[in-house]
Amino acid sequence: GRRMHFGRAVGFASDAAPRGPPEPIRATIDAADPLYTLLRARFQQRPIWSRGALKASLPADPLRSEDKLRFLLPQLGYYFSSGPWRNCWIAYGYDPRHTPDARLFQVLDLRLPTELDSLVPRKSEKADVAFPRRLRPLAPQKPPQGGAGGGGGDGSGGGGAAPDDRQLPTQRVVYLQLCDLKGEAIKQLVHETPVPRGGRCDQRLGWYDDKTIQRLRGAVKDSMRGLAKEVGGAGG
């Protein structure tokens, strides 16, 4: 039986970004494993992934278990327990705290507008508890027209759409990576806002200022209100 290993949490304020996995984890790498190869290619395309986005990017595979993903991810990356990239898997050797371009991968957390509460299943309903905790993938909705479709979107599969501003969430607190947001005005804010003067990565805001983060939260909430109206849900 394979021993589980849960990867390396890095303290945002202090620790250096690890350049590779610790020896006990390195020893478990099977470079010929097809899923390992696939994940390694994903991290070459994009150095930081939320769990939901990463799973959605993988081809659907009913045989792929949550345990397998949990076993392989620490072979390829580490994660911060706090800060603007919290609970995302980050490729070894890549340190977003020194890379202003990494702002595109920051996590925007927001509370669902209260008038949309009725659209969210109650706590007692099944939740997909994934490691790192708190980042539960949004249940894949129908992929947006022209979006990333193709395949089943159950918990272990993939091929759904990454969590973004074009899907109604299934929980009250939502974690979205900025690079996955689709609205034109939102994309403009994400890509074109200048890096704050002084050029330091803030532990709470990353490479943006407070005003921009608030505007992004407001824009994503507006997008969700619009979606709720479309599906005939709440939203006065």
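How many bridges join strand 2 to strand 4? In this predicted model, the count is three, and strand 2 and strand 4 run antiparallel. That pairing is a good place to enter the fold. One of the facing positions is easy to find on screen: Trp 49 stands opposite Trp 89 in strand 4. Trp 49 also has a charged companion, since Arg 46 lies over the face of its ring, at 4.2 Å from the ring centre.

Now step back to the whole sheet. Four strands make up an open sheet with mixed pairing, in the order 1-3-4-2. Strand 1 (9-10) and strand 2 (48-50) each have a single partner strand, so they stand at the edges with one side left without a neighbour in the sheet. Strand 3 and strand 4 pair in the antiparallel sense over two bridges, and Gly 77 has Ala 91 of strand 4 as its bridge partner.

Strand 4 deserves a closer look. In a regular strand the side chains alternate between the two faces of the sheet. Here, Cys 88 and Ile 90 point one way from strand 4, while Trp 89 and Ala 91 point the other way, and all are buried.

Next comes helix 4 (residues 66-76), which is mostly covered: ten of its eleven residues are buried. Among them are Leu 69, Phe 71, Leu 72 and Leu 73, but also Glu 66, Lys 68 and Arg 70. The cover comes from several elements, including helix 2 (34-45), helix 3 (51-57), strand 3 (77-80) and strand 4 (88-91).

The aromatic side chains give another way through the model, which holds five aromatic pairs. Phe 12 and Phe 80 meet edge-to-face, at 5.3 Å centre to centre with 65 degrees between the planes. Phe 12 lies in the loop between strand 1 and helix 1 and Phe 80 in strand 3, so this pair ties together parts 68 residues apart in sequence. Phe 12 also pairs with Trp 85, this time stacked, at 6.2 Å and 20 degrees. Because Trp 85 sits in the loop between strand 3 and strand 4, that pair links parts 73 residues apart in sequence. Phe 12 and Trp 85 count as buried because their relative accessibilities are 7% and 0%. Together with Tyr 78, Phe 80 and Tyr 92, they form one aromatic cluster. Arg 97 lies over the face of Phe 12, at 5.9 Å from the ring centre.

Finally, a word on confidence. The mean pLDDT of the protein chain is 80, and 79% of its residues reach 70 or more. Over residues 124-157, however, the pLDDT is below 50, although this stretch has 74 contacts in the model beyond near neighbours in sequence. Where pLDDT is low, the predicted coordinates should not be read in detail.

Methods. Residues are numbered from 1 along each chain as its sequence is written. Side-chain values use heavy atoms; hydrogens and water are left out. Buried means under 20% relative accessible area, exposed over 50%, partly exposed in between (1.4 Å probe, protein chains only). Contact means heavy atoms within 4.5 Å. Two strands pair if DSSP finds at least two bridges between them. pLDDT is the predictor's confidence in each residue, from 0 to 100. Rings of Phe, Tyr and Trp (its six-membered ring) pair if their centres lie within 6.5 Å; planes under 30 degrees apart count as stacked, over 60 as edge-to-face and the rest as tilted. A charge sits over a ring if NZ of Lys or CZ of Arg is within 6 Å of the ring centre and within 35 degrees of the ring normal.
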